[in-house]
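Visitor: I would like to go through this model and ask, for each label, what justifies it.
Guide: Then let us take the labels one at a time.

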Amino acid sequence: RTPGSAWDFEMAVPSAAAWSGREISLQLKGGQEVITGVVFSLHEPSETLVVKENTVGQHLADYRIVKLGSVEMSSVRLAGPPAGPPDLVQPLSDAVLQKIRTKERHEVQQQMAKADNIGMGVSRIAQLLFNGVSKTMTCRWKGQDFEVLEFNGADSGVLVRAPYEIDCVDGASTELVKRVKIILQGERAKIS
């Protein structure tokens, strides 16, 4: 190469248009490390280079952010033409869109169910007790109190009132009341 060639000009004054999308090999000052990949971007005002390495398929890659001041500029090697306009992404098929919408609905339902399990304006201990009881039984908040539903799915169940002690458990089914008291007592012991 002769001084003033196009190659030397590109090295002396790197530009995003000239470097983007090109294969690059460079060495950091001090000769410690060689970086190879494709120039993902070059931000000229901050003199920052982003190199895309270890590309696997279309979506997986490692990105290295390098300040140009740390690059041994004489080691820079560019290959290939600058990047053209990005490839257009093909539209998704109806079947794929349907799967995405189904998954989205399912996720929204799950998140809404989780939100229903958070008591509004209740103490930390009340929430911990609710969480503990709801691990084995179906529960729902009713203001400051929470209700433990029967196994058969009926709307009636056992009500656990604040301050959530075993004597604050009421319900029509003595068997269910007894079971909730045992679980509540165990959860209180875990918290203490």
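Visitor: Among contacts between residues at least 6 apart in sequence, how many join residues at least 24 apart?
Guide: In this predicted model, 35% of those contacts join residues at least 24 apart.

Visitor: How many helices and strands are there, and what pattern do they follow?
Guide: The chain holds 5 helices and 9 strands. Along the sequence the pattern reads α-α-β-β-β-β-β-α-α-β-β-β-β-α.

Visitor: What share of the 192 residues counts as buried?
Guide: The share is 29%, where buried means under 20% relative accessible area.

Visitor: Why is C139 called buried?
Guide: Its relative accessibility is 9%, and the cut-off is under 20%. C139 therefore counts as buried.

Visitor: Why is C168 called buried?
Guide: C168 has a relative accessible area of 8%. That value is set against the limit of under 20%, so C168 is buried.

Visitor: How many disulfides does the whole structure have?
Guide: The search finds 0 disulfides. A pair of cysteine sulfur atoms would have to lie within 2.5 Å to count, so no pair in the structure meets that limit.

Visitor: Why is R22 called buried, and where does it lie?
Guide: R22 lies in the loop between α2 (16–19) and β1 (23–28). Its relative accessible area is 10%, against a limit of under 20%, so R22 is buried.

Visitor: What does the side chain of R22 reach, and what makes that a polar contact?
Guide: The side chain reaches the backbone oxygen of G80 at 2.7 Å. A polar contact is a pair of N or O atoms within 3.5 Å, one able to donate a hydrogen and the other to accept it, so the 2.7 Å distance satisfies the limit.

Visitor: Which strands form the sheet that includes β1, and in what order?
Guide: An open sheet of 5 strands has the order β4-β3-β2-β1-β5, with antiparallel pairing. Its twist averages 40 degrees from one strand to the next.

Visitor: What makes β4 and β5 edge strands?
Guide: β4 (60–67) and β5 (71–79) each pair on one side only.

Visitor: How do you know that β1 pairs with β2 and with β5?
Guide: Pairing needs at least two bridges. β1 and β2 (residues 34–43) are joined by 5 bridges, and β1 and β5 also by 5 bridges, so both pairs qualify. In these pairs, Q27 is partnered by V34 in β2, and E23 by A79 in β5.

Visitor: How do you know that β3 and β4 pair?
Guide: β3 (residues 48–56) and β4 share 7 bridges in the antiparallel sense. The requirement is at least two, so they pair. V51 stands opposite R64 in β4.

Visitor: What lies between β1 and β2?
Guide: The two strands form a hairpin with 5 residues between them, and G30 in the turn has a positive phi of about 95 degrees.

Visitor: Which side chains of β1 are buried, and which are not?
Guide: I24, L26 and L28 point to one face and are buried, while E23, S25 and Q27 point to the other and are not. In a regular strand the side chains alternate between the two faces of the sheet.

Visitor: How is the sheet that includes β6 arranged?
Guide: It is an open sheet of 4 strands in the order β6-β7-β8-β9, paired antiparallel. β6 and β9 (169–171) are the edge strands, each pairing on one side only. The twist averages 25 degrees from one strand to the next.

Visitor: How do you know that β8 and β9 pair?
Guide: They are joined by 3 bridges and run antiparallel. At least two are needed, so they pair. V160 stands opposite V169 in β9.

Visitor: Which residues touch the most other members of the largest nonpolar core?
Guide: Of its 19 residues, these are F146, V148, V160, Y164 and V180. At least two residues each come from α4 (124–134), β6 (139–142), β7 (145–149), β8 (157–160) and α5 (174–191). α5 supplies the largest share, 5 residues. A second, separate core of 15 residues includes I24, V39, V66 and L78.

Visitor: Where does α4 lie, and what do its buried residues pack against?
Guide: α4 lies across β6 and β7, running at about 150 degrees to β6. Its buried residues, among them A126, L129 and F130, pack against β6, β7 and α5.

Notes: Residues numbered from 1 in each chain as written. Predicted model: local features only at pLDDT ≥ 70, side-chain atom pairs only at ≥ 80, totals over all residues. Heavy atoms only, no water. Buried < 20%, exposed > 50% of the residue type's maximum accessible area, 1.4 Å probe, protein only. Core = buried A, V, L, I, M, F, W, Y, C linked by side-chain atoms within 4.5 Å. Axes fitted to C-alpha atoms, helices over the stretch in contact; angles between N-to-C directions. Contact = heavy atoms within 4.5 Å.
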